[in-house]
Number of protein chains: 2
Amino acid sequence: MSSRYAQYCPVARALELVGERWTLLVARELLLGPRRFADLLSGLPGISTAVLSGRLRQLEHAGLVAKRTLPPPAASTVYELTDAAGGLATVLAAMAQWGRELLGRPRPDDQVQSVWLVLGGAVTATASNLPDDSSYELRIDGESGQETFHIRSHGGHLQPAHGPAPNPDAVITMDVATLVALTNGDVDVHDRQTERRVVVEGDQDRARQLIEALTGRQDRNSGG
Amino acid sequence: MSSRYAQYCPVARALELVGERWTLLVARELLLGPRRFADLLSGLPGISTAVLSGRLRQLEHAGLVAKRTLPPPAASTVYELTDAAGGLATVLAAMAQWGRELLGRPRPDDQVQSVWLVLGGAVTATASNLPDDSSYELRIDGESGQETFHIRSHGGHLQPAHGPAPNPDAVITMDVATLVALTNGDVDVHDRQTERRVVVEGDQDRARQLIEALTGRQDRNSGG
DNA sequence: CGGCATCCGTGACGATACTG
DNA sequence: CAGTATCGTCACGGATGCCG
C-alpha cells in the first residue's frame, strides 16, 4: 500500500513513507507537539477527513506517529511523532529551509497560520547569538484569537513547541501581519514602526535577537 | 497547475514544486550530472513517458532544470539541474540520509541500480578521513554492463558524478551484489571474502576508507 | 464532538500505441 | 531517440452519514 516504487534506493524508500500528497504536511503539524484530529484538520485546510485519517493510519503503521489518549478529564485522543520520526524532522527542516527562499509574499488565496511561519523560521534559524537553553514565549494575534508558542534555544538551534513557556526570558507579542512582514523582509526588526507593532516583556535585547533569528534571512552555503 | 496547497508556509511551497509523485526521483537522477530523456526513463522504472515529460516541464518552468542541446556530433538534448536547485539537493540529501536507515535489504521485486546506492552513500557520508580533493573512480558491474562513477572528496563531503575520474587516486571495481551487501551491512569492508570481491588499483588505504565512508553506517544525532 | 466509512465527480497516473 | 495521444484505473476532494 501507499504507492511503492520498487526501487532499492534510500530516497525512494523515504518517499514511499512520506511522498504522498499531504503526508509531510501532516508531519509538519505534529512537529510542534501532539495534536487532536480536529486540530490537524484546521491546520491542513483543504484536506478531507478520509485522507487525514488514512495518512495518520499510514504514519502510525510506519511507526512515525503514535496515537495516545490523554488522561482525564481531557479524555481526548491526540497524535504525536515518535522518537523514530527524528529523521523525518530533518527532512522537514530541509524542506522548510529551501521553501523559505521561495516563499515570497502571501498569494491572494493563501491562508496564513502563525504556526507555519514559526516552524519555518525556527528550523531555518541559527541561534548562535542566543544563550543556550534560553526560553521565549511568542504570542501571535490572528483572526481566530491568539496562538502561543514556546521557543527554546538549544545547541545553536531553535526548538519551537505549542503552548506557553514555563520560565521565559522574554514574552513577545505581535500580530500575524507583522510576523509575515518580518518573515518576507518587508520590514526590519529595528524599524521604528516595527517596534510599535512588537510588544516585549522581559529581556528586550534577547527578544530582538530571537525575532531576528526567527525571521531573518540566512545565507546557507548551498552545496553543489 | 501542479496541485497547490494555498498555504503561506515554506514546507507547502517546497512541496508544490517537488511534492508530486516522481518529481523528487527525477531530481535524484539529475543529481549526478546531465541525463538524456531515455536515461531518465531507465533510471525511473515504472514512470510513463507522459509523466516524465510533464515533470521535466514543471521543473524547467520552476527554474530548477535546464534543457540543453549537446554540441555535434552528439547532438542530443540533455536535462540538468540549474544552480537554483542547490536547496533541492539539500532536501534530497536529507531524504537519502533518512531513507538509508530504513533501507533494509532489497525486496523481492525491487530493482537495484548502482547509481542509487552510490548517491545515497555519498550524501550520507562524512569524508573526514579522506584528504580534501582526493578523487576516486568507482566501477560497478551490473546485469546491464558496467557503470562508472567519479567520486571526489571535498570539504568533508563526497561529491559523486557520472563518468570516469580524470586523475583518480584509486580505481575501485566491484559488482552490484557486493555494493548492496556493503550498504546494508551484510558484509564488512575488512572481511577476507569481501576483499576478494573488491578490486582496487592505486591507493589501497584510501580506497578502503572511501568504501567505508560510502557504505558504512553513520550515526546522525537525530534532533528532537 | 472525535473519528472513520461511503458515494461521487474530477484529475492524476500507468500502460500502450503512435509520431517526428 | 524524444516525446505526444489515448484510454482505463485509481487516488483525491467534497459532502454526507454512522458510531462511540
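## An odd spot to start: B:Trp22

B:Trp22 is partly exposed, because 19 other C-beta atoms lie within 10 Å of its own and the cut-off for buried is 20 or more. You'll find B:Trp22 in the loop between helix H1 (10–18) and helix H2 (23–30) of chain B. Its backbone is worth a look too: B:Trp22 has a positive phi of about 80° although it is not a glycine. For background, most residues other than glycine have a negative phi. Keep in mind throughout that this is a predicted model.

Over in chain A, A:Ala6 also has a positive phi without being a glycine, with a value near 60°. A:Ala6 sits in the segment before H1 of chain A. Is A:Ala6 buried, exposed or partly exposed? With 15 other C-beta atoms within 10 Å, A:Ala6 counts as partly exposed, since a residue needs 20 or more to be buried and 12 or fewer to be exposed.

## Two copies, one rotation

Now step back to the two chains. Turn chain A by 180°, with 0.0 Å of shift along the axis, and it superposes on chain B with an RMSD of 0.0 Å. The two copies are therefore related as by a two-fold rotation axis. Both copies use the same surface to meet: 100% of the contact residues of chain A recur in chain B.

How many residues are in contact between the chains? There are 47 from chain A and 47 from chain B. On the chain A side, the elements giving two or more residues are helix H1 (10–18), helix H2 (23–30), helix H5 (86–101) and helix H6 (114–124). H5(A) supplies the largest share, 15 residues. Sorted by class, the side of chain A that touches chain B has 25 nonpolar, 15 polar and 7 charged residues.

## Two well-covered helices

H2(A) is one of the helices on that contact side. All told, 8 of the 8 residues of H2(A) are buried, so the rest of the structure largely encloses it. The buried residues of H2(A) include a couple of charged-looking names in the list, A:Arg28 and A:Glu29, along with A:Leu24, A:Leu25 and A:Val26.

In chain B, helix H6 (residues 114–124) is mostly covered, with 10 of its 11 residues buried. Among them are B:Trp116, B:Leu117, B:Val118 and B:Leu119, as well as the pair B:Gly120 and B:Gly121.

## Where the DNA sits

Start with DNA strand C, which has 18 residues around it. The closest are A:Phe37, A:Ala38, A:Ser53, A:Thr77 and B:Ser48, so you can see that both chains appear in that list. Helix H3 (37–43) and helix H4 (49–61) of chain A, together with helix H4 (49–61) of chain B, each give two or more residues to this surface. H4(A) gives the most, with 4 residues. The residues here divide into 7 nonpolar, 8 polar and 3 charged.

DNA strand D is surrounded by 17 residues, and the closest are B:Arg36, B:Ala38, B:Thr49, B:Ser53 and B:Ser76. The elements giving two or more residues to the surface near strand D are H4 of chain A plus helix H3 (37–43) and H4 of chain B. By class, that surface has 7 nonpolar, 7 polar and 3 charged residues.

## The sheet in chain B

Chain B also holds an open sheet of 5 strands with mixed pairing, in the order S6-S5-S4-S7-S8. Its edge strands are S6 (157–162) and S8 (199–202), each pairing on one side only. From one strand to the next, the twist averages 20°.

Follow the chain through two hairpins. S4(B) and S5(B) are antiparallel, paired over 8 bridges, and they form a hairpin with 2 residues between them. One bridge there links B:Gly142 with B:Gly145 in S5(B). S5(B) and S6(B) are antiparallel as well, over 6 bridges, with B:His150 partnered by B:Ala161 in S6(B). This hairpin too has 2 residues between its strands, and B:Gly155 in the turn has a positive phi of about 60°.

Towards the other edge, strand S7 (residues 170–175) runs antiparallel to S8(B) and joins it through 4 bridges. B:Val171 has B:Glu201 of S8(B) as its bridge partner. Finally, helix H9 (residues 204–215) of chain B lies across S4, S5, S6, S7 and S8, running at about 50° to S7(B).

Note on methods:
Residues numbered from 1 in each chain as written. Chains lettered and ligands numbered in written order. Predicted model: local features only at pLDDT ≥ 70, side-chain atom pairs only at ≥ 80, totals over all residues. Least-squares fit on C-alpha atoms with pLDDT ≥ 70 in both. Contact = placed C-beta atoms within 7 Å. Near = placed C-beta within 6 Å. Nonpolar A, V, L, I, M, F, W, Y, C, P; charged D, E, K, R; others polar. Pairing = 2+ DSSP bridges. Axes fitted to C-alpha atoms, helices over the stretch in contact; angles between N-to-C directions.
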